[in-house]
Amino acid sequence: MATPDFIRELRTGVGRQLLFLPGTSAVVFDDEGRVLLVRRADTGHWSIIGGIPEPGEQPADTVVREVYEETAVRAVPERLVLVQTLAPVRYPNGDVCQFVDMSFRCRAAGGRARVNDEESLEVGWFGPDELPPLEEFALTRIERAGNDGPTWFQTTTGE
């Protein structure tokens, strides 16, 4: 994930200390029920698409922008799947961030899936029984987006 300019500017004043930031993730389904995944350039792992809202940007608009920027697919947010504060992450340069992830179920509404920026190595559509190895982060969101349950909110009890 490329670091947005506004975070680079913040870092000049706060250094490497913890930044508590909003984050978004998108589980995008096509008409065949396949999910859109990217193989990330920074880790080499397959995952769902995610990103950081720009100042003043609505989270639903962020997922639309991020999906298009990374895959050239036009996505339409359908519902909020979950809200979860993630564990702090320390990046190789020493920066520390903690994200509140808002994950959206989206449907593909156009475009052709392809690598559309430097953040991805590969892009592809995968059926539910054809998923590549994924981290729990992505698996949980795909599972919850695939059912019609209510929005899930993690509590301090972990439920």
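These legends walk through several views of a predicted protein model, from the whole chain down to single residues.

**View 1. The whole chain combines helices and strands.** The predicted protein chain holds 3 helices and 9 strands. If you follow the sequence from its start, these elements come in the pattern α-β-β-β-β-α-β-β-β-β-α-β. Along the principal axes, the C-alpha atoms fill a box of roughly 50 × 40 × 30 Å. A compact globule of 159 residues would have a radius of gyration near 15 Å, and the protein chain agrees because its value is 15 Å.

**View 2. Inside and outside.** Of the 159 residues in the protein chain, 40% are buried. The protein chain exposes about 8,800 Å², and carbon and sulfur atoms supply 51% of that area. Charges are worth a look too: the chain has 16 positive and 26 negative ones, and the mean positions of the two groups are 2 Å apart. Now think about which residues touch each other. Among contacts with a separation of 6 or more, 72% join residues 24 or more positions apart.

**View 3. The largest nonpolar core.** Nonpolar side chains tend to be buried together in soluble globular proteins. Here, the largest nonpolar core has 14 residues, and those with the most contacts inside it are Val27, Val35, Leu37, Ile48, Leu134 and Ile142. Which elements each supply at least two residues of this core? They are strand S1 (19-29), strand S2 (35-40), strand S5 (73-85) and helix H3 (136-145). H3 gives the most to this core, with 3 residues. A second, separate core has 13 residues, including Ala26, Val63, Val73 and Cys106.

**View 4. The surroundings of Val35.** Val35 is one of the residues with the most contacts inside the largest nonpolar core. What does Val35 touch, once residues up to four places away in sequence are left out? The list is Val27, Val28, Phe29, Gly124, Trp125, Phe126, Leu131 and Ile142.

**View 5. Trp46 and its neighbours.** Find Trp46 in strand S3, which covers residues 46-47. Is Trp46 buried or exposed? Its relative accessibility is 14%, and buried means under 20%, so Trp46 counts as buried. Leaving out residues up to four places away in sequence, Trp46 touches Leu37, Val38, Arg39, Glu122, Val123, Gly124, Phe126, Pro132, Pro133 and Leu134. Ser25 makes a useful landmark for this view: Ser25 and Trp46 are 21 residues apart along the chain, and their C-alpha atoms are separated by 14 Å.

Note on methods: Residues are numbered from 1 along each chain as its sequence is written. This is a predicted model: local features need pLDDT of at least 70, side-chain atom pairs count only at pLDDT 80 or more; totals for chains, interfaces and linings use all residues. Side-chain values use heavy atoms; hydrogens and water are left out. Helices (H or I, at least four residues) and strands (E, at least two) are DSSP runs, numbered from the N terminus. The radius of gyration is taken over C-alpha atoms; the globule rule is 2.2 Å times the number of residues to the power 0.38. Buried means under 20% relative accessible area, exposed over 50%, partly exposed in between (1.4 Å probe, protein chains only). Contact means heavy atoms within 4.5 Å. Accessible areas come from the Shrake-Rupley method with a 1.4 Å probe; for residues, only the protein chains shown count as cover. Lys and Arg count as positive and Asp and Glu as negative; His and the chain ends are not counted. The place of a charge is taken as NZ of Lys, CZ of Arg, CG of Asp or CD of Glu. A nonpolar core is a set of buried Ala, Val, Leu, Ile, Met, Phe, Trp, Tyr and Cys residues joined through side-chain atoms within 4.5 Å.
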